Amino acid sequence: MEFSANDIAGLLGGEVEGDGSVKVNNVSKIDQGIPGTLAFLANPAYAKYIYTTKASVVLVNRDFKPEDELSCTLIRVDDAYASIAKLLNYYEQSKPKKVGIEQPSFISESATVGEQLYVGAFAYIGENATIGKNVKIYPNVYIGDGVTVGDDTILYAGVKVYAGCKVGKNCILHAGSVVGSDGFGFAPTSDGSYDKIAQVGNVEIRDNVEIGSNTTIDCATMGSTVINEGVKIDNLVQIAHNVEVGKNTVIVAQVGVAGSAKIGENCMIGGQVGIAGHIRIGNNVKVGAQSGISNNVKDNSTIFGTPAFGHRDFMKSYAVFKNLPQLRSDVIELGRKIKDLDESNS
């Protein structure tokens, strides 16, 4: 499909600067733009490319001021990044939606399924499962007994949802993610071996949650592991038993959260962060990549390092410890000078 710059501006509430009749049928990165595509400029680091891009139309913020001549048509919007995200969502929604049940697949007679269901080949839906309307279940998905999946949720290929778990409305579970696997619970015995502790709880994933590929969320030992509304979890994340993640928190790839940790609302947790068990992280907390958190964290904190502490203090400390080799040499040299001075005065 083709859209003119005027059409796009009308959709976004933007203002056209240049040829409003120019048409585009795809999107491109601003540094790799080609004719007939739409690009965007949100990061000032890419501003130089707007003067050389071959993209026909570029979304920019309203306050953008060109420093040279432009060959592209501009659409000025309040927020270029948010606007391109909106357009991409429109594009995604315009794609044909899969409907119907492919064979071979298995749906238990006791399961309840909604309208506009798609079930891919080799998918399995267990006894007494409840599947909402417009749910998309791609090939090789396993949905255990008693599972609930809300309306408009997508489970991509190879997703596994263990018995008794709940997935809310408008969620996306990407390929290979596992919901409800056993928590890591073992009791040491007198002979040095370990007895497995039965994990009899479940996982509750609330509405509008997105789970990345090959992420695992373990069931609770008792009760529920809870992922609250609006949480976004990246690929390769481990969420242990009885963890609770607050609303609208974002967790980046390779994070590990140990059992019974509680993470607040609107937090941002960087890649490869490790969070110890049984601690509480407040609301609006930002954690830098590769940090290790072993103690409770107050609301509105920004922390970094291992063990993690205040970001500003960490940067001050880093300025010191990166110079420790030179400081050591200076101290040794100073000691020699003091010793020589003492010997000369004796």
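1. Strands E6 and E7, the latter covering residues 73-77, pair in the parallel sense over five bridges. Within this pairing Leu59 has Ile75 of E7 as its bridge partner. The model is a predicted one, and the points below should be read as a description of that prediction. On the E5 side, E6 is joined to strand E5 (residues 37-41) by four bridges, and these two strands also run parallel. Here Ala39 stands opposite Val58 in E6.

2. Strand E6 spans residues 57-61, and four of its five residues are buried, so the strand is largely enclosed by the rest of the structure. Burial in this sense means under 20% relative accessible area.

3. An open sheet of 10 strands runs in the order E9-E12-E15-E18-E21-E26-E29-E32-E35-E38, with parallel pairing. The edge strands are E9 (106-107) and E38 (292-293), each of which pairs on one side only. At the E38 end, E35 (residues 274-275) pairs with E38 over two bridges in the parallel sense. Ile275 stands opposite Ile293 in E38.

4. An open sheet of nine strands has the order E10-E13-E16-E19-E24-E27-E30-E33-E36, again with parallel pairing. Strands E10 (112-113) and E36 (280-281) stand at its edges with a single partner strand each, so one side of each has no neighbour in the sheet.

5. Several pairings inside the nine-strand sheet can be followed in sequence. Strand E19 (residues 166-167) is joined to E24 by two bridges, the strands running parallel, and Lys166 has Glu204 in E24 as its bridge partner. Four bridges then connect E24 (residues 202-205) with E27 (residues 224-227), also parallel. In that pair, Ile205 is matched with Ile227 of E27. E27 is in turn joined to E30 by two bridges in a parallel arrangement, where Ile227 stands opposite Val245 in E30. Ile227 is thus a bridge partner of Ile205 and also faces Val245.

6. Thr249 deserves a separate remark. This residue lies in the loop between strands E30 (244-245) and E31 (250-251). Its relative accessibility is 0%, so Thr249 counts as buried. The side chain of Thr249 reaches the backbone nitrogen of Asn266 at 3.3 Å. Leaving aside residues up to four places away in sequence, Thr249 touches Gly230, Val231 and Lys232, together with Ile263, Gly264, Glu265, Asn266 and Cys267. Asn266 therefore appears both in the contact list and as the partner of the side chain, whose polar contact falls under the cut-off of 3.5 Å.

7. Ala157 is also a loop residue, placed between strands E17 (154-155) and E18 (160-161). With 36% relative accessibility, Ala157 counts as partly exposed. Not counting residues up to four places away in sequence, Ala157 touches Tyr138, Pro139, Val141, Ala175 and Gly176. The C-alpha atoms of Ala157 and Gly120 are 8.4 Å apart, while the two residues are separated by 37 residues in sequence.

8. The largest pocket has a volume of about 680 Å³. It is lined by 22 residues, and the closest to its centre are Glu92, Lys97, Ile154, Tyr156 and Ile172. Helix H2 (residues 80-94) gives the most to this lining, with three residues. By class, the lining of the largest pocket comprises seven nonpolar, seven polar and eight charged residues.

9. The second largest pocket holds about 410 Å³ of space. Of its 16 lining residues, Met1, Phe3, Val27, Leu87 and Tyr91 are the closest to its centre. Helix H1 (5-12), strand E4 (26-27) and H2 are the elements that give two or more residues to this lining. H2 gives the most, with six residues. The lining of the second largest pocket has 12 nonpolar, three polar and one charged residues.

10. Helix H2 links the two pocket descriptions. H2 gives the most to the lining of the largest pocket, and H2 also gives the most to the lining of the second largest pocket. On residue class, the largest pocket includes eight charged lining residues, whereas the second largest pocket has one.

Conventions: Residues numbered from 1 in each chain as written. Predicted model: local features only at pLDDT ≥ 70, side-chain atom pairs only at ≥ 80, totals over all residues. Heavy atoms only, no water. 1 Å grid on protein atoms, 1.4 Å probe; cavity = no way out; pocket = protein on both sides within 12 Å on 5 of 7 lines; lining within 4 Å. Points joined across faces, edges and corners; volume = space filled by probe spheres on them. Nonpolar A, V, L, I, M, F, W, Y, C, P; charged D, E, K, R; others polar. Buried < 20%, exposed > 50% of the residue type's maximum accessible area, 1.4 Å probe, protein only. Polar contact = N/O pair within 3.5 Å; in protein donor to acceptor, adjacent residues only side chain to side chain. Contact = heavy atoms within 4.5 Å. Pairing = 2+ DSSP bridges.
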